[in-house]
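Please find below a short note on the model, written for someone opening it for the first time. The points can be read in order or used singly.

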Amino acid sequence: MAEPKPQNAVSKMLNAAWVRPFLFLVFIVVAWDLAIRIFRIPAYQIPSPLDVVAVLRTEWPELLRQSWPTTYATVCGFLLSALFGIPVAMLIAGSRTVESYVYPLLVFSQSVPKIAIAPLFVVWFGFGIIPKVISAFLLGFFPVVVSAVQGFKSVDPDMVDLARAMQGSRFQVFRAVNLPHALPAIFSGLKVSVTLAVVGAVVGEFVGSNSGIGYVMQRSIGTFDLPTMFAALVILALLGVILFWIVDRIEKLVIPWHVSQREDVIFAA
Amino acid sequence: MNPATKPVDINQPAAHLRLVSGRAADSSGIKLSGVSKTYRTRDGDVPSLRPLDFHINDGEFFVVVGPSGCGKSTLLKLISGLLPPTTGEILVEGEKVTAPHGNVGIVFQNALLLPWRNILSNVMLPIDMKRLPRQKYLERAKALLKLVGLEGFEKKLPWQLSGGMQQRASICRALVHDPRIMLMDEPFGALDALTRERMNLELMRIQRETKKTVLLITHSIPEAVFLADRVLVMTERPGAVAAIYDVPLPRPRSLDVMADPVFTELVQRIRKHFFSQGALD
């Protein structure tokens with residue numbers, strides 16, 4: 001097996017995790033540009049990628065400035081949904097009574113379209129940051145609860161019995177067995193939640209706000225400024241990716257033992 | 001009808017085929033008197049165990065065989081104090097069991113090691129749960145791992161070990177807090193036949209060295225006879241004592257014992273219980 005070294009370096013670079021999605025992205029952008037040229041789509045319907053890039057370059061300081069309120073609202077809403085979602089899931093998984101009272105209502109509340117009730121928060125809390133945070137929280141909350149409940153419930157009852165037979169208190173058993181066991185499920189919920197929190201924050205900005213990326217989108221739609229609107233979409237996508245990546249890194253730190261992370265462990269060993 | 005005191009209806013049984021009584025000699029060991037368990041479910045009461053009366057002596061290797069669903073695992077939970085009996089009482093070392101008493105080490109069919117703890121800290125789990133001084137038991141945990149041949153694997157994570165090695169680690173976990181009793185629920189049922197035989201030999205060695213009282217539950221009749229001082233045969237659900245046999249084979253035993261006529265006759269004798277009842281699953 002005498003493979004030449006330089007080729008290895010190239011294939012190694014092609015295999016790097018970020019290269020493939022990047023190549024795919026390039027492909028999509030090229031296809032987008034070609035489609036506009038071939039089908040002669042007018043710029044007021046879909047802007048060309050180059051126009052969007054141009055806006056991104058010239059409007060960069062303004063877009064960056066507007067993305068802070070959105071990021072702030074997203075992160076606050078996300079943290080709130082983790083802070084409330086995990087204890088609620090603990091209660092639901094720990095007590096049949098709580099489950100029978102709360103869980104159906106929780107599912108029911110999810111069927112209420114958040115966009116429809118978002119204006120209500122503006123009425124209640126004004127045009128500040130709070131309606132956005134609440135909107136982000138409401139969208140991010142449910143996936144955390146559902147995944148965490150599933151995580152807490154999937155503990156092997158024999159394992160709990162074993163710890164209880166050793167005279168472990170309820171809290172001790174929970175900390176040593178149930179909680180670590182539920183962490184992988186909790187993290188998969190958090191990952192869904194963080195991307196939904198971005199959506200929630202933007203929805204909050206749509207209905208009543210004078211700052212943020214959602215506000216920029218709303219304004220540019222009003223003036224048919226499609227390149228700016230698309231540029232705002234790119235910023236939102238980036239925001240989602242970065243936040244997702246951060247949660248993913250934290251997951252790797254917290255549960256290095258989990259099946260999904262094992263490759264790293266072998267490489268480290 | 002109490003078969004434990006009823007003579008067998010075959011002509012003049014040899015010494016090893018005679019049924020023995022489960023009466024107590026003294027207050028040490030495990031004593032069950034009139035212990036039954038009925039689960040209350042939405043579909044009504046489900047009897048799991050009919051009243052049981054027997055005694056396991058201190059330091060005895062006691063094996064229970066029975067068809068699946070005969071309440072063997074319930075028996076284990078009752079003795080460890082995880083479940084209260086519906087009737088009767090259980091005495092462990094002379095004390096009535098009302099709550100988890102921690103004087104047991106439990107080994108299940110699956111090793112049930114916590115995947116986020118390394119082998120050593122998995123073995124230390126009972127120490128953490130009982131809030132005993134970690135330092136004092138760390139040496140003991142290491143010595144136990146050495147005893148079962150897992151020296152050098154202390155820092156490995158469970159998934160890096162084979163099934164047999166994981167089960168050995170779980171035996172160490174059952175012994176680390178130095179309980180009087182080891183409860184084993186089909187401990188080698190998930191292992192391949194070869195590993196299983198080796199683990200049986202090793203378990204006998206560990207029991208000889210630690211002198212623990214062992215209550216082992218199994219589906220395998222040869223395994224039961226091979227390991228046990230006494231074998232308890234259970235009936236189908238709801239479980240009751242069908243018979244208790246002495247195993248008069250000398251110790252230490254090697255695998256050659258399985259060719260001994262005493263061994264084979266006992267195995268056949270026990271097997272008959274299940275064929276007369278119906279089928280062994």
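The points below go from chain B as a whole to its two sheets, then to its domains, chain A and the contact between the chains.

1. Status and overall make-up. The model is predicted. Chain B contains eight helices and 10 strands. Of its 281 residues, 42% count as buried. Contacts in chain B between residues at least 6 apart in sequence are mostly of long range along the chain: 71% of them join residues at least 24 apart.

2. The six-stranded sheet of chain B. In what order do the strands of this open sheet lie? The order is β6-β7-β8-β3-β9-β10 (chain B), and the pairing is mixed. From one strand to the next the twist averages 15 degrees.

3. Edges of that sheet. Strands β6 and β10 (241–246) of chain B stand at the edges; each has a single partner strand, so one side of each has no neighbour in the sheet. At one of these edges, β6(B) runs parallel to strand β7 (residues 181–185) of chain B, and four bridges join them. Within this pairing, Ile106(B) has Leu183(B) in β7(B) as its bridge partner.

4. Strand β9 of chain B and its two partners. Four of the five residues of β9(B) are buried, which leaves the strand mostly covered. With β3(B), strand β9(B) pairs in the parallel sense over four bridges. With β10(B), the pairing is antiparallel and has five bridges. Val231(B) can be followed through both pairings: Val231(B) is the bridge partner of Val63(B), and Val231(B) also stands opposite Tyr245(B) in β10(B). The link from β9(B) to β10(B) is a hairpin through six residues.

5. The four-stranded sheet of chain B. A further open sheet has four strands in the order β2-β1-β4-β5 (chain B), with antiparallel pairing. Here β2 (44–56) and β5 (95–96) of chain B take the edge places; each has a single partner strand, so one side of each is left without a neighbour in the sheet. Strand β1 (residues 30–41) of chain B and β2(B) run antiparallel and are joined by nine bridges. One example is Leu32(B), whose bridge partner in β2(B) is Phe54(B).

6. Helix α1 of chain B. Which strands of the four-stranded sheet does α1(B) touch? The helix packs on that sheet against β1, β2 and β4 (87–92) of chain B, and its direction makes about 115 degrees with that of β1(B). Helix α1(B) also packs on the six-stranded sheet, where it touches β3 (61–65), β6, β7, β8 (213–218) and β9 (230–234) of chain B. The direction of α1(B) makes about 155 degrees with that of β7(B).

7. Domains of chain B. The domain assignment divides chain B into domain 1 (1–18 + 57–83 + 180–281) and domain 2 (113–178). Domain 1 of chain B gives 10 residues to the contact between them, and domain 2 of chain B gives eight. On the domain 1 side, the largest share comes from helix α6 (residues 193–210) of chain B, with five residues. By class, that side has seven nonpolar residues, two polar and one charged.

8. Chain A. The domain assignment of chain A gives domain 1 (1–41) and domain 2 (47–262). Taken over C-alpha atoms, the centres of these domains are 31 Å apart. Helix α4 (residues 60–94) and helix α7 (residues 130–153) of chain A pack with their axes 6 Å apart, at an angle of about 35 degrees. The crossing of α4(A) and α7(A) is right-handed. The residues of the contact between α4(A) and α7(A) are 21 nonpolar, five polar and two charged.

9. Contact between the chains. How many residues does each chain give to the contact? Chain B gives 19 residues and chain A gives 16. On the chain B side, the elements that supply two or more residues are α1 (72–80), β6 (104–107) and α3 (125–129) of chain B. The largest share of that side comes from α3(B), with four residues. By class, the chain B side has 13 nonpolar, three polar and three charged residues. Two of these elements have appeared above: β6(B) as an edge strand, and α1(B) as a helix packed on the six-stranded sheet.

Definitions and conventions: Residues numbered from 1 in each chain as written. Chains lettered and ligands numbered in written order. Predicted model: local features only at pLDDT ≥ 70, side-chain atom pairs only at ≥ 80, totals over all residues. Axes fitted to C-alpha atoms, helices over the stretch in contact; angles between N-to-C directions. Left-handed = near helix turned anticlockwise from the far one by under 90°. Nonpolar A, V, L, I, M, F, W, Y, C, P; charged D, E, K, R; others polar. Domains from an automatic or database assignment. Contact = placed C-beta atoms within 7 Å. Pairing = 2+ DSSP bridges. Buried ≥ 20, exposed ≤ 12 C-beta atoms within 10 Å, placed from the backbone.
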